[in-house]
Amino acid sequence: MGIISVRDVWKIYGEGDAATYALRGVSLDIEQGDFVAIIGPSGSGKSTLMHIIGLLDTPTKGKVLLKGKDVSTLSDDERAIMRRKTVGFVFQQYNLSPSLNALENVELPMLFAGVPKREREKRAKELLEMVGLGHRLYHYPNQLSGGQQQRVAIARALANDPEIILGDEPTGNLDTKTGEKILKIFKDLNKRGKTIVIVTHDPEIAEEAEKIVKIRDGKIEGVIEK
Amino acid sequence: MDYGFLAWRGLRHQPLRSFLTIIAIVVAIAAIFTLVSLILGLQETVRGELSKLGTNRITVIPGTMVGMNLGGDVLTEEDRKAIENTPGVKNVLALQTDHATISAWGEEKGITIFGVDPDAFNKTFQSLLGGYLESGRILDRTDRGRYVALIGYSVAHDLFGKDILPGSTVYINGKPFRVVGVMKKTNSPLDAGAYIPESVFQEITGREREYVRISAELAEGANVDDVVERIKRRLKALHGGLENFRVITPEQAMERANQILGMVGALLVTIAAISLVIGAVVIMNTMYMSVTERTREIGVMKAVGATKWQIMAIFLVEAGIIGAAGGLFGEIIGFGIVKTLEGVIRASLESYSAAFPSLLVLGLVGFSALVGVISGILPARSAAELDPVEAMRQ
C-alpha cells in the first residue's frame, strides 16, 4: 500500500436529477517518492481528485488512506491539522497573501502549526534561499514576477516539511522557460524524497513525471508508468 | 508575525475603512467617558460640600416630601422650642423666609430675606452655615430688634452696578437697614439673600412666625439616630399625631443628592450607550466586508493548515483592535471635553473637579475592546466556516 491510497472514490455535487458527478469510482495508489502527473481536460475531475488527496475536500463515497490512515471521515479541523504536517500545496494562481511579504508568506503555515517565531523565520529564510529568492525576502507579491511568486509558493508548501507536495497546474500561468525552471525545482524535491503529485492538462509537463494518470469524465482512463 | 500581526495587516489593508470604523467607536466612548467622569466628579463634589458642613447636624422641614409643601404644613415657635429642648441638641437655628425688595445705588431689586434670631445665628454660623463671612461681622445678640442685615455675596457684588460694603445703608421693603457684613460665595440661594433679625422680619413682612426650616447642631457624642427619633416623637405629639414634617440628616441629604445624580447619570449613559450599539454594528459590517474581500486569502490560509479557531482568532483580534483603538482615542477626546467642561462648571462651582477613576479609564478601553470582539464573532465565524476549495475559487 502506498503513501496515498484512493479506493473507489466518488464525488457527487447536488442530488437527484441535478446531481453532477465529478469523480466516478476512482482508485489510485501513489508510492512514497513517486512523481505523478494527473492529466486530463478541464472538467475531467482532476482538480477534485487532487483536493481529496490533499485533504481539502472529502469524498461523497469511498475511502482515502494517507500513510495508511483513513482520512475520509475526519472533521474539518482534524484534516487541517493533518494537512499542515503532511501536504504542501502549489497553486496555478500562486495564492500568496498580498498583505504579507515573501518571508511572512512562507512563515504562515508554520504559524498555524505553532512553530516558535525564531525557528519560523530561520526556516523561511532557508527555504527562500533554496528556491533562489534569498534577495527577495521582504518583497511583497505584487513586487515579484510570476515565476518568483511561484517559487515563494513552493517555499511555503515546504514550510512544515511535508512528505507530499501537490501542484495544481503549477506552471499554468508561467511562460515555457519559467515553467521549466519551476518544474526543475519539483524534480529536485522529488530527488530528495518528496512525493510529488502534479495536476496538469499539458502533456509536455506530464512527460516529465515517472507516472502519468489519465483522467476523463471522472474516471481513470489509464496509468502510464515509465 | 503572529495573530495580532495578521490582524494588523488586515486593518492596514483598507486604512480609510478601518479609520472610519474606529471613529464610530471613538464617538460613543468619548460620550460615555465624558458623562461618567463629569457625573462622578459632581457626586464627589456634593459629598465634599456636604461633609464640609459636618455630620453632627439635622434639619427639620415642613411637609412630607422634600421640596413639596403643598398642604400648608408649617413649623411653629412651639416646634422650635421642642427641638431646642430635645436631649442631644446643642443649638438651633430656625429660618423664616420671604421675598423682598432691596434698594441701593438708586436701584430696586428683588431678593430673598431670611429672618433669624441673631443670637442663635451667631452661635450656629460656623457649625450650621459653614462660616462663610467675607467682610464685616455676623449678627449677634445685640442686633435683636435692630434694622441690620448680613447680605449674601451676589447681593453685595453682582446685583447692583457697584458693590455694597459693610457700614452702608440699604432699603429692604422700604425700610433702612445697616449692612453689618457680607458673606462669601456659597453657590446656594443664600448668595442672593440677606439675613435680618426675626422681630424686624415680622415687622417689615407682616407675616406670622412660621419656619421653613429648623436646623439643629447636635451635642458632642449625641447619637444622630436617637436624636432624630426623639424629635420626631415630640413634633408628632405637637402636630396631633401627624408626621407632616421631615427630619433630614446630612447622610440622607447626601444619599438623596447622589441618588438623583446617579439616576440622571444612568439615563445619560444609557443614551450614550446606544451610540456604542451603532458602533458595534459598524464594526460588524466592516468585518463582514473584510471577510468577503479576503475570502480567497482565508481559503489559502485554511489550505496551508489553519484550523477554524485560528481563522476566527485573526478576525476577532482584528475586531478587538478596532474596539480598543476606538476606546483609547475616545477616552483621549473625552478627556479633552471633560477638561473643557470642568472649567465651565468651576465658574459656578469652585470646588468642582471631574473624576478619572482608573476603573473607568481601564474598564472603558477593555469594554470597548470586548464590544469589538463580540461584534466580530459572527463575521469571524463565517470566515472560519468557509470551504477552502470554494473560497480559493473566488
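What follows is a chat about a predicted model with chains A and B.

Colleague: Why is A:Leu55 called buried?

Modeller: A residue is buried if 20 or more other C-beta atoms lie within 10 Å of its own. A:Leu55 has 27 of them within 10 Å, so it counts as buried.

Colleague: And what makes A:Asp161 exposed?

Modeller: Here the cut-off is 12 or fewer. A:Asp161 has 11 C-beta neighbours inside 10 Å, so exposed is the right word.

Colleague: What is there to say about phi of A:Leu55?

Modeller: That phi is near 65°, a positive value in a residue other than glycine. As for its place in the chain, A:Leu55 is in the loop between helix H1 (46–53) and strand S4 (61–66) of chain A.

Colleague: Where does A:Asp161 sit, then?

Modeller: In the loop between helix H5 (146–157) and strand S7 (164–168) of chain A. Phi of A:Asp161 is positive too, near 50°, and this residue is not glycine either.

Colleague: On to the contact between the chains. How many residues does each chain put in?

Modeller: Chain A gives 22 residues and chain B gives 18. A pair is in contact if the C-beta atoms lie within 7 Å.

Colleague: Which helices of chain A supply at least two residues of the side that touches chain B?

Modeller: Helix H2 (76–86) and helix H3 (102–113). The largest share of that side, seven residues, comes from H3(A).

Colleague: What classes of residue make up that side of chain A?

Modeller: There are 10 nonpolar, eight charged and four polar residues on the side of chain A that touches chain B.

Methods
Residues numbered from 1 in each chain as written. Chains lettered and ligands numbered in written order. Predicted model: local features only at pLDDT ≥ 70, side-chain atom pairs only at ≥ 80, totals over all residues. Contact = placed C-beta atoms within 7 Å. Helix = DSSP H or I, 4+ residues; strand = E, 2+ residues; numbered from the N terminus. Nonpolar A, V, L, I, M, F, W, Y, C, P; charged D, E, K, R; others polar.
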